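The following note sets out several points on the structure shown below. They concern helix packing, the contact between chains and the nonpolar cores.

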Amino acid sequence: MHPQLERLQLQTRRHFLKQCQLGFGGIALASLLAGDSPASPRYVINPLAPKKPHFDAKARRVIYLHLTGSPPHLDLYDYKPELVKHDGQPCPGEFLKGKRFAFTSGVPKLMGTPRRFAPHGQGGVWMSDAIPHLHGAADEICMIKSMTTDQFNHAPAELLLYTGSSRSGRPSMGAWATYGLGTENENLPGFVVLISSGVQPNGGKNSFGSGFLPSVFQGVQCRSKGDPVLYASDPPGMDRELRRHSLDTLRDLNDLQARELGHPETLTRIVQYELAFRMQTSVPEVMDITRENKETLEAYGAQPGAASFANNCLLARRLVEQGVRFVQLFDWGWDFHGTSPAEDIRDGLTKKCATMDKPIAALLKDLRQRGMLDETLVICGGEFGRTPFREGRTAEGGVLGRDHYPDCYSMWLAGGGVKGGYTHGDSDDLGFSIARDKVHVHDLQATILYLLGFDHLRLTYRFQGRDYRLTDVHGEVVNGIVA
Amino acid sequence: MRHPPIQLTLIVSLLTGWLTLPAHSHAKPPLDFSRDIKPILSNKCFFCHGPDASQRKGGAEGGLRLDTAEGMTVDLGGYFAVVPGKPAESEIIRRISSRDPDEVMPPPATNKSLSPQEISLTSEWIQQGAKFSVHWSYVKAVRPDLPALKDNAWPRNEIDRFLLARMENAALKPSPEADRFALIRRVSLDLTGLPPTWEEAESFVHDRDPQAYERRVDRLLAKPAFGEHWAQMWLDLARYADSAGYADDPPRTIWLFRDYVIRSLNANKPFDQFTIEQIAGDLLANPTEEQLVATAFHRNTLTNNEGGTNDEEFRNAAIVDRVNTTMAVWMGTTIACAQCHSHKYDPLSQEEYFKLFAFFNQSEDADRQDESPLASIYEPGQEEQPKQGHAEIIPVTVPIMRDLPVDKHRVTKIQHRGNFLELGAEVTAGVPAAFPALSEGASRDRLALARWLVDENNPLTPRVIANRYWEQLFGIGIVASSEEFGSQGEQPFHPELLDWLAVKLVDTRWDMKAFIKLLVTSAAYRQSSKLTPELESVDPDNRLLARGPRFRMSAEMVRDQALAVSGLLSPKMYGPPVKPVQPAFGLTAAFGGSTDWQTSEGEDRYRRALYTTFRRSNPYPSMATFDAPNREVCTVRRVRTNTPLQALVTLNDPVYVEAAQAFARRIVSGGGSSPGERARFAFRSCLCREPNDQELAQLVTLYERGAKHFQPQPEKARQMAGDPLGTLPADFSVAELAAWTVVGNVLLNLDEFLMKR
């Protein structure tokens, strides 16, 4: 974006709002200050104010469930009887030629899934026995079996998925969504990140960063212990009443300055402090799952005080319910190489899925029951897929694992304008390549933006003389999955 | 974002000065292609009719080209895109003003269109003869004549003459000089990143010497804190961090580079020398240790240690970053797009990209976990210590640039679509044809490139550097897009002034302290920053500089100032990065160590922000909230935001609470005895001015309310005044200290405190 426009947006610009109507909503300062404003009623341009997208949106908010490391889709979603038939046989050379793999060289052995598969729901979406609770949600699920990406290492693949580029420096998907739509609740961050299983994403904070967009659009990482949002608690010894008094003094002193020097940014700052004060109350409230009833906690398998994926699924619902635009979950531990029993696609996968299957099924059901699923896009997947053959390093051991695989994999979406009980695309008989309806991660990005009401070609930001977008120079909307 | 084109035009016109011309000039001013027309064509037409032959559409063989005079006037079969002097006969005018969706340019599918004003400008330019000019920034600056003025009393130096000429044109008058307190605070913050103490401010205010300000500037430029403050800008450009990046993001020992930057700035190393040392210090004859450390500039690239990664792939990624960073830092040119295809807007081909790549392709480093090659350096003072048996002195190692022996030189080939496995024709090191050639007979290595970057004939570097220093002090560059000086960048708001400054830099042999002094001693810089309703409506971004600069401080300054005012700030310089208090997340990096850290002991908790350990995947959270970048790639310009999360940092982050507690102890021990005296002391210490009666009353009232609140609650008071700072001084009432902590917390959060004003 034009540097001027950027500054104009982030600062208070009466004249600009009047003349240019950039699309940022104006809000009267007086109304923000609970009616007793000492300041004259001017307009404040709030970069997070709700904005209209390019066209009618199917989805108003997103919950993205990232299974960091990338789950073995051939043992969860994509059933390949031919691969089972050829289990243990050397991988045909045609599938290896010109390919690079992270941990496999030479000729690996094909590996059919040891899991039992069946079609579920009216739409007959195939799933394995590792995710029994999701079977019941099959008719909400839009399975894509023809995903592909360009990267086969975790960090670059995750960056490509979330920022459109495998190199650092670009804004993340949630940042783009918040930049485009603002937030529906100013008392909460517009883009919230929840992390479970103790490890942050492969891309570090870049996977939810704002890149070259203003930092106000970056994902705010909420914690399960301590302040849920950093520094939301008043310092020890200060109660709310005293904080209110101190903020009143701060506001009055700032207002004297605003009158003296006439700088509208001073008024913007007053507004930010008032928002912060309210955020101090609203964030702990929304993050407090003890406010949920026992049945709900049990449905999700959530336990107050824990730092679990289950808790985060429940929090995701609470957050979108309160108007948060984009909730991004990262759960570590899906990198099923077979280097330890936890990474075995039999017992290891069963155990890992037990932490994910029930909460996600509960989330979908909960959103449906509250009438929110149609407007909430839920997405679940990893940064790439896993090989139809056994990983090279662990091929001789007793643990069954698969290597990283970018060419063809599965993931799913639900709610927010996508077809439920539907399977899009397919892989070939052995799962090596896409048989039909290829969906590149850039296409997925374009589709997510489309569902949020954006033409991905037009949701741009001028930086270094170029209009950047999430989809880089690629991306086509996957119309086939749109309801 | 959707912005209706007509409104965008309005802004562009404002920037190029069109609408600010006095209303009485009826004759149409001569249009300049580079300034007035090229930005329109670049934005709307060059994608299909520009330098990139592979994307070019229309016209005869090779497609229609609108970025060159030949291309525009080529015979298209009896008709011409542009017929100089005859807009009605020019096909381009017919097409851009057509209402037929099959005819109109740009085609509707591109989502682009020309506004009526853009069409009329283009038409007017053709009417005036369609004179073509090379892009302004590709032409070497020549010293412009100083403009004639109505008011010759105001200017203090040449900068002011250029600015005043423009103000007079817009019927504006400069603002009066800022009061002495505001001025000393402003210049102290700008030169050292730290506020003056009240005593320093007072001594300046009462200094009758007519040269008092200039002498003060000299003194500030000589302070060690100068280099610490100005290093931040350079470290953003150098993407300096204390970790290697990507998923596991392990620690990297490269802080000797940070110290090199501070020392070089403090020593006022000429910028050309500073450049040559960093790009090619290793290739100088008998390089010193310092010159080797300097080359760590380009070892700040990321290293990918994730299992299963191809080292050659990420070695290439690092070289790409070196090319992009070099072109961004010195040439203000975004070249990244030419890695995959010829540039769409500027005359930079993919082949030329890889010719630049070839300069960096002989470096020995190869995405290795050990970061080799390394230099072992004994810190100043280290080698003098007696090497007695028990304590062996271990040198600090730092990654450096070192080229492979000639017989092992790599061959550089064009990489199709930027993919290191899809190779095309071989290329040799060289610079793009649009820029001046390398000097005859020079070797084709990094040293030649470095010298070329700062050669007096390089049209870009002096402008880019002058603009960047200007941006630091005035808040917005003369070219607002300080990261982009090409076709897609901004036009300079004051082109003559920018050229004058660029020439000045070269003429003074890149004396950067002298350059800064020139800027801060101008009358423009010294103006009051008060914003009148008139100025707010005419010039909200202060491009005309009819008032002094006022904008929020950087993340580093916000922290340093709070620590300085509270008395906690450690003056210790240099050395390994430190770990001040940061909140725990209980997480580890992917395949890496904990993202939490053990807080440093003693004064290392309170060092200046630039010494804070910079882990790329987890930048220090409070600084990230105040728009510090993550230093993974070169950052030319930070965006300044104003958000509620920033308020939470300065209100509640233990670092700032501790500062308020320490400040409270200063207030009660050194600020007099009555609440009024103490409030005055506190106010002056923070804001460097006397409070007015209302302001004083507000603070005293808050203090009294706080004292009353804490009197019956000693435990709460102890927490407020002592957690986390620690043991309370026995000679003061705890409730009093707690109440002053609350007052201090308010002062450290005032808009005025966070602003340079």
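1. Helix 11 and helix 12 of chain B are oblique to each other, because their axes cross at roughly 125°, outside the 65 to 115 range that counts as roughly perpendicular and not over 145, as roughly antiparallel would require. The model is a predicted one. The two axes come within 8 Å, and the crossing is right-handed.

2. As for the residues that make this contact, helix 11 of chain B contributes, among them, B:Phe226, B:Trp230 and B:Trp234. From helix 12 of chain B, the participants include B:Arg258, B:Val261, B:Ile262 and B:Leu265.

3. Between the chains, 78 residues of chain A are in contact with 91 residues of chain B. On the side of chain A that touches chain B, helices 1, 2, 6, 8 and 9 of chain A each give two or more residues. Helix 8 of chain A gives the most, with 11 residues.

4. The largest nonpolar core has 337 residues. Those with the most contacts inside this core are A:Ala316, A:Val327, B:Phe257, B:Ala738 and B:Val743. Helix 15 of chain B, residues 311–331, gives the most to the core, with 11 residues. At least three residues come from each of domain 2 (270–456) and domain 3 (652–756) of chain B.

5. B:Ala738 touches A:Gly237 in the other chain and, within chain B, residues including B:Gly706, B:Phe710 and B:Met720. A second core of 20 residues is separate, and B:Ile40, B:Leu66, B:Ala81 and B:Tyr345 are among its members.

Terms used:
Residues numbered from 1 in each chain as written. Chains lettered and ligands numbered in written order. Predicted model: local features only at pLDDT ≥ 70, side-chain atom pairs only at ≥ 80, totals over all residues. Core = buried A, V, L, I, M, F, W, Y, C linked by C-beta atoms within 7 Å. Buried ≥ 20, exposed ≤ 12 C-beta atoms within 10 Å, placed from the backbone. Helix = DSSP H or I, 4+ residues; strand = E, 2+ residues; numbered from the N terminus. Domains from an automatic or database assignment. Contact = placed C-beta atoms within 7 Å. Axes fitted to C-alpha atoms, helices over the stretch in contact; angles between N-to-C directions. Parallel < 35°, antiparallel > 145°, perpendicular 65-115°, else oblique. Left-handed = near helix turned anticlockwise from the far one by under 90°. Lists of a residue's contacts leave out its neighbours within four places in sequence.
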